[in-house]
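The following paragraphs lead from a helix to a metal site and then to a single side chain. Please keep the model in view while reading.

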Amino acid sequence: MKKQHPFIKCSPVVLIPFVVACNHNSNKAEVKKTPNVIIICADDIGYGDLSCNGERTILTPHVDRLANTGLRFTDAHAVAATSTPSRYSLLTGHYAWRRNDTGIATGDAGMIIRPEQTTIGDAFRNAGYTTGAIGKWHLGLGTEQGTQDWNGFITPGPEDIGFDYSYIMAATGDRVPCVFVENQRVVNLDPNDPIAVSYKEPFQGEPLGKDHPEMLTVLKPSHGHDMAIVNGVSRIGYMKGGKQALWKDENIADSITNKAVQFIEKNLDKPFFLYFATNDIHVPRVPHPRFAGKSGMGPRGDAILEFDWSVGQIISTLEKNGLTENTLIILSSDNGPVVDDGYQDQAVELLGEHRPWGDFRGGKYSNFEAGTRVPFIVNCPGKVKEGVSDALVSHIDIFASLAKLIGAELTPEAAIDSKNYIETFLGKEQKGREYIVEQAGALSISTKEWKYISPSNGGVFNKNTNTELGNSKEPQLYNLLKDKGEKNNVAKEYPDKTEQLKAILEGERNNK
Ligand code: NG6
Ligand code: CA
């Protein structure tokens with residue numbers, strides 16, 4: 001079901017053969033022209049969770065190294081404050097809020113990005129790159145919810161939207177099916193123990209977390225997550241069968257990091273694009289024993305260390321193979337941080353002085369800054385200027401910017417919301433976007449100075465996750481330069497500014 005890609009034309013320059021310069025003493029001119037690109041997308045890691053962003057309560061030396069030898073952004077934003085819309089927007093360059101079916105996906109959701117859409121994977125593939133998607137997917141698989149053949153070839157899937165190779169978790173760690181899917185087939189599946197998945201009804205005879213707390217030997221829920229029990233952890237959704245294929249939570253980081261390393265090592269002599277989406281630090285947080293207990297902050301902190309280790313593995317694989325200088329890495333997170341996201345993992349009790357959200361208000365799920373202001377590092381020694389950039393940037397522009405970098409021309413139908421800011425991402429320019437659009441319970445628009453949050457009827461506070469959601473029936477306006485923590489709503493004092501931003505947001509909404 002591989003599709004043609006009518007939307008992308010390739011400029012001939014990108015087809016220059018790619019040769020790996022293993023011998024650093026060689027006098028031969030560098031033949032490599034097109035850089036490899038790796039997007040490392042963390043899950044729920046907040047701005048303050050990485051030591052390079054200032055909170056030195058937990059140390060992330062590998063990430064910090066990328067920051068120190070690359071460009072660290074202080075005002076970079078995911079498009080949305082939850083995973084599915086955030087990732088959809090990043091991979092398509094199309095705002096998720098333009099559609100009404102891009103909310104947090106179930107584990108049996110149909111593939112949200114349709115094969116006829118152009119993704120960043122398509123852009124790279126058509127430019128002659130080998131493309132891979134490894135780790136958390138959460139963008140649905142198959143045609144329609146609940147219709148996947150988990151025991152056969154699951155289609156459509158990543159290969160239909162630009163990824164030559166895929167090794168993914170269908171949704172999240174806390175959603176069934178708890179199996180890896182490699183090139184659209186469940187890994188290690190015993191045909192005599194077929195998998196069945198439902199988000200509607202439990203399977204007869206399968207114990208549920210809500211009825212069998214004694215079986216929750218690894219983690220118990222704090223809210224929700226009381227359905228299928230897999231490996232001593234209850235999850236969202238119902239599942240039966242596939243015992244041999246079930247992942248082991250403590251090995252997820254090892255499994256996907258090893259696959260990422262293998263993908264790089266298989267593509268040493270040709271350009272590659274890798275979307276590496278970690279499971280860390282999403283719930284359930286069950287880090288490997290190598291990391292368990294090491295942060296002093298419980299599993300949430302340990303999962304940050306595990307994430308940092310994964311980043312270190314990628315860096316050392318590039319180094320070992322002489323690819324560091326020809327590989328552009330973008331490291332970011334899909335949305336802001338949450339401490340208690342539904343399991344009793346002591347994240348709240350052991351947080352201490354650590355501020356996952358840094359100086360910002362809110363967190364995952366929130367319209368306030370910490371919902372979408374995420375860590376963002378671009379690294380490519382020699383090509384990216386070292387330092388810190390305060391430019392206002394958004395994940396929405398990664399697509400068009402990388403397309404420009406590799407010389408892939410996009411027709412107007414592709415990545416309609418994405419603009420080319422490659423010079424800013426490489427640190428050659430300081431100028432960022434004039435404004436960004438963000439999505440949580442409401443839509444917001446921010447410039448460097450002002451943030452307008454449109455009125456909404458959504459909840460004000462989520463007591464389960466202890467999140468200030470930033471919804472209000474009144475328009476909200478904050479001065480982000482004077483009031484980083486969004487404490488004073490000045491919409492009434494600045495009616496013109498409020499109206500102006502509202503009008504721009506309306507314009508964006510009605511655009512296209
Ligand atoms: C919520 C889950 C939360 C997490 C989130 C998605 C409950 C009570 N909460 O509905 O645990 O899975 O969805 O997170 O079920 S995300 O980072 O993938 O968007
Ligand atoms: Ca997330």
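In helix α4, the buried residues (under 20% relative accessible area, with a 1.4 Å probe and protein chains only) are Ile252, Ala253, Asp254, Ile256, Thr257, Lys259, Ala260, Val261, Phe263 and Ile264. This is a predicted model, in which local features need pLDDT of at least 70 and side-chain atom pairs count only at pLDDT 80 or more, while totals for chains, interfaces and linings use all residues. Residues are numbered from 1 along each chain as its sequence is written, chains are lettered from A and ligands numbered from 1 in the order in which they are written, and side-chain values use heavy atoms, with hydrogens and water left out.

The cover over the buried residues of α4 includes β2 (36–42), β4 (130–136), β5 (165–169), β6 (180–182), β12 (272–277) and α5 (298–320).

Turning to the metal, the calcium ion (ligand 2) has as protein donors (N, O and S atoms within 2.8 Å of the metal, or 3.2 Å for Na, K and Ca) Asp43 (OD), Asp44 (OD), Asp334 (OD), Asp334 (OD) and Asn335 (OD1), which lie 2.2 to 2.7 Å from the ion. Along the sequence, these donor residues follow the spacing D-D-x289-D-N, and both Asp334 and Asn335 are buried.

Finally, Glu438 lies in strand β17 (residues 436–439), strands being DSSP runs of E with at least two residues. Glu438 is buried, with a relative accessible area of 3%, and its side chain makes a polar contact (a pair of N or O atoms within 3.5 Å; within protein, one must be able to donate a hydrogen and the other to accept it, and residues adjacent in sequence count only if both atoms are side-chain atoms) with the side chain of His77, at 3.4 Å.

Methods. Buried < 20%, exposed > 50% of the residue type's maximum accessible area, 1.4 Å probe, protein only. Helix = DSSP H or I, 4+ residues; strand = E, 2+ residues; numbered from the N terminus. Contact = heavy atoms within 4.5 Å.
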